[in-house]
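Let's work through a few short exercises together. Have the chain in view, and try each task before you read its solution.

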Amino acid sequence: MIELAENECSICFMETEAEELVITSCKHKYCRDCLSYYLQLESGDVNKLSHTESYLEPTPQGDVRLRVNSHCGIPCPHPTCSHIIEGPEFEALVDERTAKRYQELSLLVSLKALHKKGDLDRCPEPNCGSWMQNCECIE
């Protein structure tokens, strides 16, 4: 395993000024420009935004049950890290345009997940494009 210097970016491997160094919540270090560019590129593909985490959770009765959580974000670029950079952490690291696109795509991912579960449908009216819940269009 390669040891990085204290202020070395894990993407470009350059020494970075402390004020330009970003430490993610998973404790990996990147220069702001590298991480922002990575998140901007990766967030442009809606197929890369949706992540599922599953784990076994003990019940009060002593059994276990499978829990599944969906996340909308981008994996940390560190090759051995499973942390998902999402929500406010993601938005703090990118420009306003990328943050807005991320919010829109996150909503689309969430709506598609609800549709897949049968909780939402597309409006059958021509040229509508809205989603329906309980037979009423929602915006």
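**Exercise 1. Find the strand that holds Glu86, and decide how open this residue is to its surroundings.**

Solution. Step one: Glu86 belongs to strand S5, which covers residues 84–86. Helices (H or I, at least four residues) and strands (E, at least two) are DSSP runs, numbered from the N terminus. Step two: the relative accessible area of Glu86 is 28%, so Glu86 is partly exposed. Here buried means under 20% relative accessible area, exposed over 50%, and partly exposed in between, with a 1.4 Å probe and protein chains only. Step three: Pro75 is 11 residues from Glu86 along the chain, and their C-alpha atoms are separated by 8.6 Å.

Before going on, note that this is a predicted model, where local features need pLDDT of at least 70 and side-chain atom pairs count only at pLDDT 80 or more, while totals for chains, interfaces and linings use all residues. Residues are numbered from 1 along each chain as its sequence is written, and side-chain values use heavy atoms, with hydrogens and water left out.

**Exercise 2. Describe the protein as a whole: which elements does it have, and in what order do they run?**

Solution. Start by counting: there are 3 helices and 8 strands. Then read from the N terminus, where the order is β-β-α-β-β-β-α-α-β-β-β. Finally, look at burial: 32% of the 139 residues count as buried.

**Exercise 3. Is Cys31 buried or exposed?**

Solution. First, locate Cys31 in strand S2, residues 29–31. Next, take its relative accessibility of 11%, because of which Cys31 counts as buried. To finish, compare chain and space: Cys31 and Ser10 are 21 residues apart along the chain, with 8.1 Å between their C-alpha atoms.

**Exercise 4. Work out how the rings of Phe90 and Tyr102 are arranged.**

Solution. A pair of aromatic rings is described by the distance of the centres and the angle of the planes. The structure holds 1 aromatic pair. In this pair, Phe90 and Tyr102 have ring centres 4.1 Å apart and planes at 25°, so they are stacked. The cut-offs are these: rings of Phe, Tyr and Trp (its six-membered ring) pair if their centres lie within 6.5 Å, and planes under 30 degrees apart count as stacked, over 60 as edge-to-face and the rest as tilted. Phe90 sits in helix H2 (residues 87–93) and Tyr102 in helix H3 (residues 96–117), so the pair ties together parts 12 residues apart in sequence. Both residues, Phe90 and Tyr102, are buried.
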